[in-house]
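Dear colleague,

I am handing over the structure below, and after it I set out what was found. Please read the notes with the model open beside them.

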Amino acid sequence: MTPGLCAGHGDSSSHFYVAVTLSWRDARKHCRGLSSDLVSISSAEESEAVRNVSLSPNVWIGLFKDRWEWSDGSSSSFRDWKPYQPNYLKGQDCVAAVFSEGGKWNDLKCRAAFEDGRSAAATL
Ligand SMILES: [Ca+2]
């Protein structure tokens, strides 16, 4: 858990530090709740400005890797996860829509099978 740095609405000196420890996703949510976002850094000068504003050894910034990709190569960023999903349990590298839960999504082991037509989707 790490504090975050939200982007200011002016130049890099207007970035503001979020002095609570959050997960990356919660830090982003916090910034977005303030009509901002986690800070983007595109130069050494901005990196220095971020360092100057930050009051802790490390902060979340906006860079992330969303490892989910559509198997047909489409680029939709739409996501419809169940609460607390994806939870990235070991081997859960594929996604199922769980219709008993309103069609919300869960990440599941790719080798999970649905022999009885429902089962595995209820797992974490
Ligand atoms: Ca899961």
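Of the contacts in the protein chain between residues at least 6 apart in sequence, 40% join residues at least 24 apart, where two residues are in contact if their C-beta atoms, placed from the backbone, lie within 7 Å. This is a predicted model, in which local features need pLDDT of at least 70 and side-chain atom pairs count only at pLDDT 80 or more, while totals for chains, interfaces and linings use all residues. Residues are numbered from 1 along each chain as its sequence is written.

On confidence, the mean pLDDT of the protein chain is 79, and 85% of its residues reach 70 or more; pLDDT is the predictor's confidence in each residue, from 0 to 100. Among the elements of the chain, strand β2 (residues 16-22) has the lowest mean pLDDT, at 73, and β4 has the highest, at 86.

The protein chain holds two helices and four strands, and read along the sequence they follow the pattern β-β-α-α-β-β. Helices (H or I, at least four residues) and strands (E, at least two) are DSSP runs, numbered from the N terminus.

Buried residues make up 14% of the 124 residues in the protein chain. A residue is buried if 20 or more other C-beta atoms lie within 10 Å of its own, exposed if 12 or fewer, and partly exposed in between, with the C-beta atoms placed from the backbone. The largest nonpolar core has 10 residues, namely Leu 5, Cys 6, Ala 7, Val 18, Ala 27, Cys 31, Leu 38, Val 39, Val 59 and Trp 60. To this core β1 (2-6) and α1 (24-33) each supply at least two residues. A nonpolar core is here a set of buried Ala, Val, Leu, Ile, Met, Phe, Trp, Tyr and Cys residues joined through C-beta atoms within 7 Å. Within the core, Val 18 touches Pro 3, Gly 4, Leu 5, Cys 6, Ala 27, His 30 and Cys 31, when residues up to four places away in sequence are not counted.

Two loop positions can be placed against the N-terminal part of the chain. Ser 35, in the loop between α1 and α2, counts as exposed because it has 8 C-beta neighbours inside 10 Å, and its C-alpha atom is separated by 9.4 Å from that of Ala 7, 28 residues apart along the chain. Ser 56, in the loop between α2 (44-53) and β3 (94-98), counts as partly exposed because it has 13 C-beta neighbours inside 10 Å. Ser 56 and Gly 4 are 52 residues apart in sequence and 9.5 Å apart in space, C-alpha to C-alpha.

The loop between α2 and β3 also contains Gln 85, which deserves a look for its backbone. The peptide bond from Gln 85 to Pro 86 is cis, with omega near 0 degrees, and Pro 86 lies in this loop as well. Gln 85 is buried because 20 other C-beta atoms lie within 10 Å. Leaving aside neighbours within four places in sequence, Gln 85 is in contact with Trp 105, Asn 106 and Asp 107; the C-alpha atoms of Gln 85 and Asp 107, 22 residues apart along the chain, are separated by 6.8 Å.

Two tyrosines of the loop between α2 and β3 have positive phi values. Tyr 84, which is placed in that loop, has a phi near 70 degrees, a positive value in a residue other than glycine, and counts as exposed with 8 C-beta neighbours inside 10 Å. Tyr 88, also in the loop between α2 and β3, has a positive phi of about 55 degrees although it is not a glycine, and counts as exposed with 10 C-beta neighbours inside 10 Å.

Finally, β3 and strand β4 (residues 104-108) pair in the antiparallel sense over five bridges, where two strands pair if DSSP finds at least two bridges between them. The two strands form a hairpin with five residues between them, and Gly 102 in the turn has a positive phi of about 75 degrees. Across the pair, Ala 96 stands opposite Asn 106 in β4, and Ala 97 stands opposite Trp 105 in β4.

With best regards
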